[in-house]
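Here is a brisk report on one protein chain. Keep the sequence and the 3D view open while reading.

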Amino acid sequence: MLSTSRHWQRALKWIQANKWDLAEGELLYLLKKGEIADPAIQDALGYTLLMQGEYYLCEKVLISICEHPKRSFWVNHKIADALRGQHQLAKSALWYQKSLLDGSNHPLTYRNLIQVLWEINQQQAMQFLESWFISNGSTGPWLEGAQMAADL
């Protein structure tokens, strides 16, 4: 079981300490060992790669679990971040939208999507904002995300 693995526990501690390379090593060990099949390992590895600017590798690791039934919306969000880091903005926007469809209600997903859409086409970004306002009113994570995007 993953939660009782000492390598998993060490990886989580390294992640909390922002020691990305050390966390990556523990996670790669878990994957190589292959005793535990859990998408959380690839999810965490993708995050450590993302935080190290290894956008292509992050994308490849996370694509392998993007359809896994136990994934969280963060997987698609992080794929979008990795694509954004590779300057593939249109693809990035699609993955942020997939994250929303997967249940993301986090302002960061909305913020990042708005920022990417703004870079691609400001009119399209405004259309998304208007549709969210019509659908959701003047409260919620979409508005917080929009405010965060505007602040940046």
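The text below covers aromatic pairs, salt bridges, loop residues and buried parts.

This is a predicted model.

## Aromatic pairs

A search of the whole structure turns up six aromatic pairs. One of them joins Tyr110 and Trp132. Their ring centres lie 5.0 Å apart, and the planes stand at 90°, an edge-to-face arrangement. Tyr110 lies in helix 7 (residues 107-120), while Trp132 lies in helix 8 (residues 122-136). The two are 22 residues apart in sequence, so the pair ties together separate parts of the chain. Tyr110 counts as buried, because its relative accessibility is 12% and the cut-off for buried is under 20%. Trp132 is also buried, at 10% relative accessibility.

Trp132 has a second ring partner, Phe128. Here the centres are 5.6 Å apart and the planes meet at 65°, so this pair is edge-to-face. Both residues belong to helix 8, four residues apart, which separates them by about one helical turn. An α-helix has 3.6 residues a turn, so residues three or four places apart point the same way. Phe128 is partly exposed, at 21% relative accessibility.

These rings belong to a wider group. Tyr110, Phe128, Trp132, Phe133 and Trp142 make up one aromatic cluster.

Another ring has a charge for company. The charged end of Lys98 sits over the ring of Trp95, 3.8 Å from the ring centre.

## Salt bridges

How many salt bridges does the structure hold? There are three. The table lists them with their N to O distances.

| Acidic residue | Basic residue | N to O distance |
|---|---|---|
| Glu26 | Arg10 | 3.1 Å |
| Asp43 | Lys78 | 2.2 Å |
| Asp102 | Arg71 | 3.0 Å |

Take the bridge between Glu26 and Arg10. Glu26 is in helix 2 (residues 20-33) and Arg10 is in helix 1 (residues 6-16). They are 16 residues apart in sequence, so the bridge ties together two parts of the chain. Glu26 is buried, at 13% relative accessibility. Arg10 is partly exposed, at 33%.

Next comes the bridge between Asp43 and Lys78. This pair links distant parts of the chain, with Asp43 in helix 3 (residues 39-51) and Lys78 in helix 5 (residues 73-85). The separation is 35 residues. Are these two residues buried or exposed? Asp43 is buried, with 14% relative accessibility. Lys78 is buried too, with a relative accessible area of 10%.

The bridge between Asp102 and Arg71 links loops. Asp102 lies in the loop between helix 6 (89-101) and helix 7, and Arg71 lies in the loop between helix 4 (55-63) and helix 5. They are 31 residues apart, and the pair links distant parts of the chain. Asp102 is partly exposed, at 32% relative accessibility. Arg71 is partly exposed as well, at 22%.

## Loop residues with positive phi

Two loop residues deserve a look at their backbone angles. Asn18 has phi near 60°, a positive value in a residue other than glycine. Asn18 sits in the loop between helix 1 and helix 2. His87 has phi near 65°, again positive and again not in a glycine. His87 is found in the loop between helix 5 and helix 6. At 69% relative accessible area, His87 is exposed.

## The nonpolar core

In soluble globular proteins, nonpolar side chains tend to be buried together. Here the largest nonpolar core has 39 residues. Which members touch the most other members? They are Trp8, Leu27, Leu30, Ile41, Ile79, Leu113 and Trp132.

Trp132 thus returns, now as a core residue. Setting aside neighbours within four places in sequence, Trp132 is in contact with Leu100, Tyr110, Leu113, Ile114, Gly137 and Trp142. Tyr110 is also its edge-to-face partner. Trp142 shares its aromatic cluster.

## Helix 9

Trp142 leads on to helix 9 (residues 141-151), where Trp142, Gly145, Ala146 and Ala149 are buried. Seen down the helix axis, the buried residues fall within an arc of 100°, so they line one face of helix 9. What covers them? The cover includes helix 7 and helix 8. Those helices also carry Tyr110 and Trp132, respectively.

Note on methods:
Residues numbered from 1 in each chain as written. Predicted model: local features only at pLDDT ≥ 70, side-chain atom pairs only at ≥ 80, totals over all residues. Heavy atoms only, no water. Phe/Tyr/Trp six-rings, centres within 6.5 Å; stacked < 30°, edge-to-face > 60°. Buried < 20%, exposed > 50% of the residue type's maximum accessible area, 1.4 Å probe, protein only. Lys NZ or Arg CZ within 6 Å of the ring centre and 35° of its normal. Salt bridge = Lys/Arg side-chain N within 4 Å of Asp/Glu carboxyl O. Core = buried A, V, L, I, M, F, W, Y, C linked by side-chain atoms within 4.5 Å. Contact = heavy atoms within 4.5 Å. Arc of directions from axis to C-beta.
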